[in-house]
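Colleague: I would like a close look at one residue and its surroundings. Please then take me through the rest of the chain.

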Amino acid sequence: MAVSDKTTGEKIKQARLKAHMTQKQLAEKCGMADSAIRKYESGKVIPKVETVQKIAKALGERWNWFYALTAEDGGIDLRSERLKKEGTYEERLSAACEWLEIIESDAERKTKRIWRADEENQWIKEHLEEVAKEYDVKPCDLERVYPFIDDSLQQQVKRIENMINNGPLNLMAVEKICNALEQMNPRAQNLAAERVQELAKIPEYQWQKEK
């Protein structure tokens, strides 16, 4: 039994229209047939969580939003007993993921510093099973959908730090960009990234390395 007011399919359609995309455009961006999007939106087929994550990324939304459980959506209380007892498996998994993210952020905030990737991953591993049990979902499923910090991301962070310290990044410009991104939703952040990529292709804006 679902406890969300809207079905996942209705949320997909709502987000797609908000992004001004056709079913065909969304399907192409997700690497699937447009008939699949039609079936998801009509409710004829219930998409797997992995599929919802792929659609969410294409639309610039948090995947949790498609289960109408996020705070910004005015959704269901993540700690409600009704959710834990009557929610679908996907709804409980979504809520578990979001609750784990909340308590992780609180734990990091209490240390008054930003955690290293290995510290964050260790904290997640220590608490993931407990949260999975509380929401009656499989730990392996929660681990699969929860955003672990992998080595590749850590390398990207180091790369940015190196560029700031040794050039060519302008620290003031980076700070302005970060401040702006913090005020944007995921869809706007994706659009901002696309605009930056477009500017980087213009010769007069490219970094000229010394010969």
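What is the relative accessible area of L199?

Modeller: The value for L199 is 45%. That makes L199 partly exposed, because this class lies between buried (under 20% relative accessible area) and exposed (over 50%), with a 1.4 Å probe and protein chains only.

A word on the model before going on. This is a predicted model, where local features need pLDDT of at least 70, side-chain atom pairs need pLDDT 80 or more, and totals for chains, interfaces and linings use all residues. Numbering runs from 1 along each chain as its sequence is written, and side-chain values use heavy atoms, without hydrogens or water.

Back to L199. The residue sits in helix α11, which spans residues 186-200. Helices here are DSSP runs of H or I with at least four residues, strands are E runs of at least two, and numbering starts at the N terminus. L199 has partners on the surface: together with I202 and Y205, L199 forms a nonpolar patch. The accessible area of L199, I202 and Y205 together is about 290 Å². Such a patch takes nonpolar side chains joined within 5 Å, each residue having over 30% relative accessible area and no salt bridge.

Now the whole chain. Its secondary structure comes to eleven helices and zero strands. Of its 211 residues, 34% are buried.

Next, the charged pairs. Side chains of opposite charge can pair when their charged atoms come close. The search covers the whole structure and finds ten salt bridges, each a side-chain nitrogen of Lys or Arg within 4 Å of a carboxyl oxygen of Asp or Glu.

Take R16 and E41 from that set. R16 forms a salt bridge with E41, and their closest N and O atoms are 2.6 Å apart. This pair links distant parts of the chain, with R16 in helix α1 (residues 8-18) and E41 in helix α3 (residues 34-42). Along the sequence, R16 and E41 are 25 residues apart. Both R16 and E41 are buried.

R144 is another residue to look at. R144 forms a salt bridge with E50, the closest N and O atoms lying 2.4 Å apart. Here too the pair links distant parts of the chain: R144 is in helix α8 (residues 139-145), E50 is in helix α4 (residues 49-59), and 94 residues separate them. R144 is partly exposed at 39% relative accessibility. E50 is partly exposed as well, at 37%.

R144 has a salt bridge with D141 too, where the closest N and O atoms are 2.7 Å apart. D141 and R144 both lie in helix α8, three residues apart, which is about one turn of the helix. D141 counts as buried, at 14% relative accessibility. Put together, E50, D141 and R144 are linked in a network of salt bridges.

Helix α4, which carries E50, also crosses a neighbour. The axes of α4 and α2 (residues 23-30) come within 9 Å and cross at roughly 110°. That makes α2 roughly perpendicular to α4.

Then α6 and α7. Their axes come within 10 Å, with a crossing angle of roughly 135°. So α6 is oblique to α7. E101 is found in helix α6 and is partly exposed, at 28% relative accessibility. The C-alpha atoms of E101 and I124 are separated by 9.1 Å. Along the chain, E101 and I124 are 23 residues apart.

Two loops deserve a check of their backbone. Most residues other than glycine have a negative phi. K112 is not a glycine, yet its phi is positive, about 60°. K112 is found in the loop between α6 (89-110) and α7 (117-134). At 79% relative accessibility, K112 counts as exposed. D136, in the loop between α7 and α8, also has a positive phi, near 55°. D136 is exposed, at 54% relative accessibility.

Definitions and conventions. Patch = residues over 30% accessible without salt bridge, like charges linked within 9 Å, V, L, I, M, F, W, Y side chains within 5 Å. Areas by Shrake-Rupley, 256 points an atom, 1.4 Å probe, with all protein chains shown as cover. Axes fitted to C-alpha atoms, helices over the stretch in contact; angles between N-to-C directions. Parallel < 35°, antiparallel > 145°, perpendicular 65-115°, else oblique.
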